[in-house]
Amino acid sequence: MIVVAGEALIDLVPQGAGALATLRPALGGGPYNTAVALGRLGSPTAFCSRTSHDAFGEALLDGLRQAGVDVSAVQRGPEPTTLAVATIDENGSAAYSFYVDGTADRLFTAPERLPAGTRAVSFGTCSLVLEPGASAYEELMRAASAQGLFTALDPNIRPGLIPDADAYRARFKSWLPSVSLLKLSAEDAQWLGGTPREWLASGPAAVVVTRGGDGLTVFTRDGAEHSVPGEKVDVVDTIGAGDTVNAALLHGLSTRDALSPSALAALDADDWTRLLRYAARAAAITCSRAGAEPPYAAEVGEV
């Protein structure tokens, strides 16, 4: 079982040009997209979050169930669902404005235990920024690491949600001793101001950096660096692409029985190349369709 911990929200995606374009609601949130993608790829997956009792909250849970994701660890509340208004540029890249005050997912509390059979826990995005839930997710991350579980982190930086950048950067560094696999975009890396080698020295067994259409690179503790190019595709938008990479990496590691820091260290150049190519294919499929619509296993092929 791979547990994904973090927010579920509704993306409002413009259906045309201009500030007053019609907005289409879509299921979203970085951790949510990761959980759906893992389920579609065939990994036993559970989602750990807090969602609203409103209609959007029900739709989010239905989307998880349809992907085969276990929702028994999802907390519920009467507060509204978080909204994220997307803006799509000419290259298909998305930027977001968030409506988060008083929403259900911010009131997440750390569970006493994770679902039976949990081997890995994935964290990231808004859930590690917005208090009081952020501290609860941080508590869960540290507890999972202390129990010897594999932990994955994708900070997925949203600058507009971070009131104190320096404080967040310091907090990010404090998480690294509890992280097995760090995945982030080149833009995130630039904003954070560190380097993969610096982060590896603080804890993770591997750091994967995504570069959009230019591909992915993994950096490992033994000093190795392996890269693959991006898959060529007609981009509709990039919503959910990084989340699909998260899921593809975790799914691929699971199929190799490599969900541990020692197993990560044992992967060779061929293993990493195959895994990164698989993640690139999966992300390209997501980019080829509107909204966060990750692929199913049959669409991506073998890991």
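A residue counts as buried when its relative accessible area is under 20%. That cut-off will be handy in the close-ups below, all of which come from a predicted model.

**View 1. Arg 50, a buried charged residue and its partners.** With a relative accessibility of 11%, Arg 50 falls under the 20% limit and is therefore classed as buried. Look for Arg 50 in strand 5, which covers residues 50-52. Its side chain makes a polar contact of 2.7 Å with the side chain of Glu 79. The Arg 50 side chain also reaches the backbone oxygen of Ala 104, at 2.8 Å. Glu 79 and Ala 104 belong to a longer list of contacts beyond four places in sequence, which also includes Gln 75, Arg 76, Gly 77, Pro 78, Asp 105, Leu 107, Phe 108 and Tyr 137.

**View 2. Phe 150 and the largest nonpolar core.** This core holds 51 residues, and Phe 150 is among the six that touch the most other members, together with Phe 47, Leu 64, Leu 216, Leu 253 and Leu 264. Helix 9 (residues 269-287) provides the largest share of the core, 9 residues. A second core of 41 residues is separate, with Val 129, Leu 182, Trp 191 and Phe 219 among its members. Back at Phe 150, the contacts beyond four places in sequence include Leu 253 and Leu 264, along with Arg 119, Ala 120, Val 121, Ser 180 and Pro 261.

**View 3. Ser 180, a buried loop residue.** Here we stay with one of the contacts of Phe 150. Ser 180 sits in the loop between helix 4 and strand 11. Its relative accessibility is 6%, so Ser 180 counts as buried. Setting aside residues up to four places away in sequence, Ser 180 touches Leu 149, Phe 150 and Thr 151, as well as Pro 204, Ala 205, Ala 206, Pro 261 and Leu 264.

**View 4. Arg 113, an exposed loop residue.** Is Arg 113 buried or exposed? With 66% relative accessibility, Arg 113 is exposed, because the cut-off for that class is over 50%. Arg 113 lies in the loop that runs between strand 8 (94-99) and strand 9 (120-124). From Val 100 to Arg 113 is 13 residues in sequence, and their C-alpha atoms are 27 Å apart.

**View 5. The largest pocket and its lining.** The space in this pocket comes to about 1200 Å³. Of its 48 lining residues, those nearest the centre are Ser 185, Glu 187, Thr 238, Ala 241 and Gly 242. Elements that contribute two or more lining residues include strand 2 (9-14), helix 1 (30-41), strand 11 (181-185), helix 5 (186-192) and helix 7 (241-255). Which helix gives the most to the lining of the largest pocket? That is helix 9, with 5 residues. Sorted by class, the lining has 21 nonpolar, 16 polar and 11 charged residues.

**View 6. The second largest pocket.** About 240 Å³ of space lies in this pocket, the second largest. Leu 27, Val 36, Arg 40, Ala 292 and Glu 293 lie nearest its centre, out of 16 lining residues. At least two lining residues come from each of strand 3 (23-28), helix 1 and helix 2 (55-66). Helix 1 gives the most, with 4 residues. By class, the lining divides into 9 nonpolar, 4 polar and 3 charged residues.

**View 7. A cis peptide bond and two positive phi values.** Most residues other than glycine have a negative phi, and most peptide bonds are trans. That makes a friendly backdrop for the following backbone details. The peptide bond between Glu 131 and Pro 132 is cis, with omega at about 5 degrees. Pro 132 is placed in the loop between strand 9 and helix 3 (133-146). Thr 125 is found in the loop between strand 9 and helix 3 too, and its phi is positive, near 65 degrees. At 6% relative accessibility, Thr 125 counts as buried. Asn 156 also has a positive phi, near 45 degrees, and lies in the loop between strand 10 (150-154) and helix 4 (165-175). Its relative accessible area is 12%, so Asn 156 is buried.

Terms used
Residues numbered from 1 in each chain as written. Predicted model: local features only at pLDDT ≥ 70, side-chain atom pairs only at ≥ 80, totals over all residues. Heavy atoms only, no water. Buried < 20%, exposed > 50% of the residue type's maximum accessible area, 1.4 Å probe, protein only. Polar contact = N/O pair within 3.5 Å; in protein donor to acceptor, adjacent residues only side chain to side chain. Contact = heavy atoms within 4.5 Å. Core = buried A, V, L, I, M, F, W, Y, C linked by side-chain atoms within 4.5 Å. 1 Å grid on protein atoms, 1.4 Å probe; cavity = no way out; pocket = protein on both sides within 12 Å on 5 of 7 lines; lining within 4 Å. Points joined across faces, edges and corners; volume = space filled by probe spheres on them.
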